Amino acid sequence: MVQTRSAPRLEPLIDRIRCDGYGICAELLPEMLELDDWGYPIMASAGVPADLVDYARRAVAGCPVLALRLRAQPAGQVQASLVPARPWRDRVRSAAGG
Amino acid sequence: MNTAGTSLDLLSGRSLAAGPETHDEHVARYGPLPGGGGPNDVIERLEASGLLGRGGAGFPVGRKWRTIAQRPSGGAVVLINGAEGEPWSAKDRAVMSVRPHALIDGLIVAAEAVGADEAVLYVGSGHRTARKVMTEALGQRRLPLPIRIVDAPERYVAGEESAAVHFINDGDARPTTVPPRPFERGIDGQPTLVQNVESLAYAGLIARSGGTASAGLVTIGGVPHAGVREVELGTSIGEIVSASGARREATQAILLGGYFGRWAPADSAWDLAYDPAELRAAGLTAGCGVIRVLGGAECGVEMTSQVMAYLAGQSAAQCGPCVFGLRAIADATERLARGMARDDDLARIERWGGQLVGRGACRHPDGAAGFLASALLTFGDEFQRHARTRRCGDAGRPARVA
């Protein structure tokens, strides 16, 4: 089989209804996931870097409610909902002067 | 000049107070619904019209119809979304209550264009007049497909499209994890065209004669003459609210798009054109068509507190970030509004608000986050003042007392 150079990137997907905030994913994949004040994961980036794929798979396997999975990311397409929300905060900060 | 498709023709004519337009009156105004032309012609007209959905998300109507029409095989369902759970919106009820046949035209056109063999009218259970008028009007028309009326629960999220499909299928009006989206797998597993009432009524008009989607319905509040109006897209927001009695010097800010919408200071909103695409370019949204004027004597923090409390209470309570995040934000905002803020409440609201986006099965947290972000921008000074002095307004009037 020929390995194409542009293998599709994987993106983590969280089923938010299933997720119960165990937080194991963030423990196993802290490079990509952090937890909010109630223990629910926040995605730090949309695509899994190649060197983290094994860790990402381990995080998927570690979720006790099977709420985390990896999906091949369509080329050139970033899920808007997975883009980190930082611009929001920056806008608010600068406007609120705080 | 009133050329076909460019006139304000959904609510023009007979006054809204005069009750529902009969089928005869409807035909006298528009002529009979032309048959033929073919589904593709209709979809091309819709695409060319630029009509965007009027339920809130603003998805292009023609593209949605084409996606469903192009399925390889099998049936499809048209779901008319008249849940209208948005507290400040009344325009879908107005269409159903006074222009039922325009909506039915839209249904017939949609059913033919996408090849649907079943339809559902999903109408908010509190909207009794709308339901009654639609039931009678549907009985007077010969429809190419069976339709049933389903009463939508009176919950904000019940109108979200996956929640609507979930309720009709299983009696549970909570959103589901997408994909699959309703256009892929909806009612009874069939591809389902979910279309807001206003969108479908305008689609029916555009299907007749083509033209540009140049009018829209708004529900204006916070003004002396509140209510539903049909406006020509591109009219300035100041002109629209002035016609309802608002005065610029007495206006502090304007909310566009309802509870999932955006606040803008009166000075920056007044001369903006009310047009979905232009509003989006300005970082605002037409959303579901709600325009709420905030008067100079009203408090933006207080208003934000009330809306966030409502949205927290209306969470479907399925996803942790929405359940806990919205509740915490609502509580902290209420403390600010009441002059009981804790030292870090404002900073926490900013942080929690930023974390909501994209973290629910549906867009409820996203909608709330957008509202909150715009409130923090528009009422930034007021939020700071509440946080620092625990008092409300320039005059130092005390914050709301419980």
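This passage looks at a sheet in chain B and at the contact between chains A and B in a predicted model.

Start with the sheet. In general, strands of a sheet pair through backbone hydrogen bonds, either parallel or antiparallel. In chain B, five strands line up as β6-β5-β9-β7-β8 to make an open sheet with mixed pairing. The edges belong to β6 (227–232) and β8 (262–265) of chain B, and each has a single partner strand, so one side of each is left without a neighbour in the sheet. On average, neighbouring strands here are turned by 30 degrees against each other, direction ignored. One of the pairings is that of β7 (residues 251–256) with β8 of chain B: the two run antiparallel and are joined by four bridges. In this pairing, B:Ile254 sits opposite B:Ala264 of β8(B). The sheet also has a helix packed on it: α8 (residues 197–209) of chain B touches β5 (215–221) and β6, and its direction makes about 150 degrees with that of β5(B).

Now for the contact between the chains. Chain A puts in 20 residues and chain B puts in 30 residues. Together they bury about 2300 Å², with 61% of that on carbon and sulfur atoms. Two salt bridges link the chains; one of them joins B:Arg351 to A:Asp37, whose closest N and O atoms are 3.0 Å apart. There are also six residue pairs in polar contact between the chains. On the chain A side, β3 (41–43) and α3 (86–96) each give two or more residues, and α3(A) gives the most, with seven residues. By type, this side of chain A splits into 10 nonpolar, two polar and eight charged residues.

Methods: Residues numbered from 1 in each chain as written. Chains lettered and ligands numbered in written order. Predicted model: local features only at pLDDT ≥ 70, side-chain atom pairs only at ≥ 80, totals over all residues. Heavy atoms only, no water. Pairing = 2+ DSSP bridges. Axes fitted to C-alpha atoms, helices over the stretch in contact; angles between N-to-C directions. Contact = heavy atoms within 4.5 Å. Buried area = accessible area lost by both parts, 1.4 Å probe. Salt bridge = Lys/Arg side-chain N within 4 Å of Asp/Glu carboxyl O. Polar contact = N/O pair within 3.5 Å; in protein donor to acceptor, adjacent residues only side chain to side chain. Nonpolar A, V, L, I, M, F, W, Y, C, P; charged D, E, K, R; others polar.
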